[in-house]
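Biologist: Please take me slowly through a close look at one part of this model, explaining each term as you come to it.

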Amino acid sequence: MLTCTGFAAASPTTPLAPITFNRRDVGADDVQIEILYCGVCHSDLHFARDEWHFTVYPAVPGHEIIGRVTSVGAGVSKYKVGEYVGVGCMVDSCRTCPSCVEGLEQYCDKGNVGTYGGTEPVIGGPTFGGYSSSIVVDQSFVLRIPEGMDLASTAPLLCAGITLYSPLKHWGAGPGKKVGIIGLGGLGHMGVKLSHAMGAQTVLFTTSPGKVEDGKKLGAEQVVISKDAAQMAAHTESFDLIIDTVSASHDLTPYFNLLKREGTMVQVGAPEHPLPIAVFPLIMKRRNFAGSMIGGIAETQEMLDFCAARNITADVEIIPIQKINEAYERMLKSDVKYRFSIDMASLTA
Ligand SMILES: [Zn+2]
Ligand SMILES: [Zn+2]
């Protein structure tokens, strides 16, 4: 077994603190990665505090991982020692079900193996995430980081980036299409950048007048204050696609009315409680209401290559791991533009 250091929560109510733990030895198809940066996703906080009721402690969060290959197994052909690589939300899946065969490992029939909170496929026990010194991952679930990308700000692409890229691609965002992004946080700011880069007419919806200028800088042609009924009404029946990144419960009906006939509203933010849905606006215009979760491995690589070619990364604030508990509190207040990225060199500082 390999000995790692990291930061973990010991219970739902204790702050994250240093820990030493084991990972499996490097197997024939495995890549060992020294972790350089790890993005801070809202899911990390839910997981650390057991808000989704499946956390096994100690819990090491982190699934926006960027690092350098330090060793490879005998069967590894895709990666060499010294290369920069990434690991996102999954580290394995069954690889044989129809979803896996189609490259949609995130929807694996048996459930994908989460980078944290999953079951370690070789040595058992929980999987440990990227708030740590190193990780061992099968080469099939490792991403290549294109040369020249800034590592700290590329990390959030592995979850926030692909979470928006996949539905934008799936529902055809591009030239001639009008796309709305609801919410300007870690997810939303990537949605605005990616939709704009794909060539879609991009509109940001926010409740904060203070975010109008930022939204435009990130690539939104227009920013709509969603509490302003007149501003909303000006966009009635005009959108091909709206992606909702907000996880707080809010009324979706006003947005349904902004979709064209057969337009689609996609949830990527996950409200804790069921939402009451007004179905009339859906029925009357054959509109769609859908959900989407991250992306497959091939699509995640495609997203990284797309971003590299267009110079797109996340806007990040780099923090040392010792500030992680403070970062969680700030994240809850949306006090970050727009993602924290942990400099993992701080682990040994
Ligand atoms: Zn995430
Ligand atoms: Zn599968």
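Modeller: Helix 4 and helix 10 are roughly perpendicular to each other (the word used for angles of 65 to 115 degrees, with under 35 degrees called roughly parallel, over 145 roughly antiparallel, and the rest oblique), because they pack at an angle of about 100°. Their axes lie 10 Å apart, an axis being a line fitted to C-alpha atoms over the stretch in contact, and the angle running from 0 to 180 degrees between N-to-C directions. Helix 4 covers residues 160-170 and helix 10 covers residues 297-309, where helices are DSSP runs of H or I with at least four residues, strands are runs of E with at least two, and both are numbered from the N terminus.

This is a predicted model, in which local features need pLDDT of at least 70 and side-chain atom pairs count only at pLDDT 80 or more, while totals for chains, interfaces and linings use all residues. Residues are numbered from 1 along each chain as its sequence is written, chains are lettered from A and ligands numbered from 1 in the order written, and side-chain values use heavy atoms, leaving out hydrogens and water.

Where the helices are in contact (heavy atoms within 4.5 Å), G161, I162, Y165, S166 and K169 of helix 4 meet E299, T300, E302, M303 and F306 of helix 10. These contact residues divide into four nonpolar, three polar and three charged, with Ala, Val, Leu, Ile, Met, Phe, Trp, Tyr, Cys and Pro counted as nonpolar, Asp, Glu, Lys and Arg as charged, and the others, including Gly, as polar.

I162 and T300, which belong to this contact, also line the largest cavity, together with G88, C89, M90, L143, L158, I294, G295 and I297. A cavity is a set of points, on a 1 Å grid over the protein atoms alone, where a 1.4 Å probe fits but cannot get out, and its lining residues have an atom within 4 Å of a point. The search of the whole structure finds one cavity of 30 Å³ or more, and the largest holds about 50 Å³ of space, a volume being the space filled by probe spheres set on the points, which are joined across faces, edges and corners. Its lining has seven nonpolar, three polar and no charged residues.

Turning to the zinc ion (ligand 1), its protein donors are C41 (SG), H63 (NE2) and C159 (SG), at 2.0 to 2.2 Å; donors are N, O and S atoms within 2.8 Å of the metal (3.2 Å for Na, K and Ca), and sites may look incomplete since water is not among the atoms. H63 lies in the loop between helix 1 (42-48) and strand 4 (65-72), and C159 in the loop between helix 3 (151-154) and helix 4, so the pair ties together parts that are 96 residues apart in sequence.

Terms used: On a 1 Å grid over the protein atoms alone, a cavity is a set of points where a 1.4 Å probe fits but cannot get out, and a pocket is an open set with protein on both sides within 12 Å along at least five of seven lines; lining residues have an atom within 4 Å of a point.
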